[in-house]
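Here are some notes on the cores and pockets of this model, set out as numbered points.

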Amino acid sequence: ALSGGQGFIAHPYARGSEWEDLEIAGIAGIEIYNAREDVEDEPAPWLAFCTVLFGSDRSLPRWLDRLDRSLEIWDRRLSRGERLVGIGATNAHGLRWLALRLGPYGPIFKLVRNHLLIEGELSEAAVYGALKQGHLFVAHDVLANASGFQFSAVSGKTVRAVMCDEVRAEPGLELQAALPRPGELL
């Protein structure tokens with residue numbers, strides 16, 4: 001167990017640093033999306049890197065996809081009743097290719113962001129609390145700013161639960177989603 005910290009399994013399937021024990025106990029969460037892994041899985045990873053670095057937003061959706069292996073681990077552990085938070089990351093580490101440092105961090109960090117749901121004032125305690133409770137969502141802000149997205153369970157005018165909370169089904173309980181711009185929910 002960590003002494004007051006929160007441990008997350010980072011990039012469980014990254015080439016050269018795969019995790020040996022994905023069933024490790026006592027962790028707060030797992031990285032369910034990693035931009036670098038997503039890019040490296042492409043037939044032409046250099047093209048995907050260029051798309052990010054030079055801001056060609058039109059071609060981004062062609063290579064952004066789900067990392068099913070990481071989602072399977074998360075789903076399996078959740079189905080056993082474990083409370084495990086899913087996060088996303090870029091895994092940028094300076095993005096080097098053939099000894100060249102590629103691009104600024106700004107566009108890279110827009111590829112995937114964890115949006116924390118924090119009530120009240122932003123503080124270190126609020127950030128750790130939101131992470132611990134799983135009050136967050138992962139988004140590709142390079143396609144559109146996802147700030148303001150909400151998914152909640154509402155009874156009347158009372159919010160009973162937000163992302164990662166548990167709530168029992170009861171008469172009058174509704175699931176509601178709020179999108180910051182027009183979109184499609186599947």
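1. Ala, Val, Leu, Ile, Met, Phe, Trp, Tyr, Cys and Pro count as nonpolar, Asp, Glu, Lys and Arg as charged, and the others, Gly among them, as polar. The model is predicted: local features need pLDDT of at least 70, side-chain atom pairs count only at pLDDT 80 or more, and totals for chains, interfaces and linings use all residues. Residues are numbered from 1 along each chain as its sequence is written, and side-chain values use heavy atoms, with hydrogens and water left out.

2. The second largest pocket (on a 1 Å grid over the protein atoms alone, an open set of points where a 1.4 Å probe fits, with protein on both sides within 12 Å along at least five of seven lines; lining residues have an atom within 4 Å of a point) has 23 lining residues. By class they divide into twelve nonpolar, eight polar and three charged. Leu117, Ile118, Glu119, His135 and Val162 lie nearest its centre.

3. For the largest pocket, the volume (the space filled by probe spheres set on the points, which are joined across faces, edges and corners) is about 1600 Å³. Of its 47 lining residues, Phe137, Val138, Ala139, Phe149 and Met163 are the closest to the centre. The lining comprises 30 nonpolar, seven polar and ten charged residues.

4. The second largest pocket holds about 390 Å³ of space.

5. Ile73 is in contact (heavy atoms within 4.5 Å) with Pro12, Tyr13, Leu22 and Ile30, leaving aside neighbours within four places in sequence.
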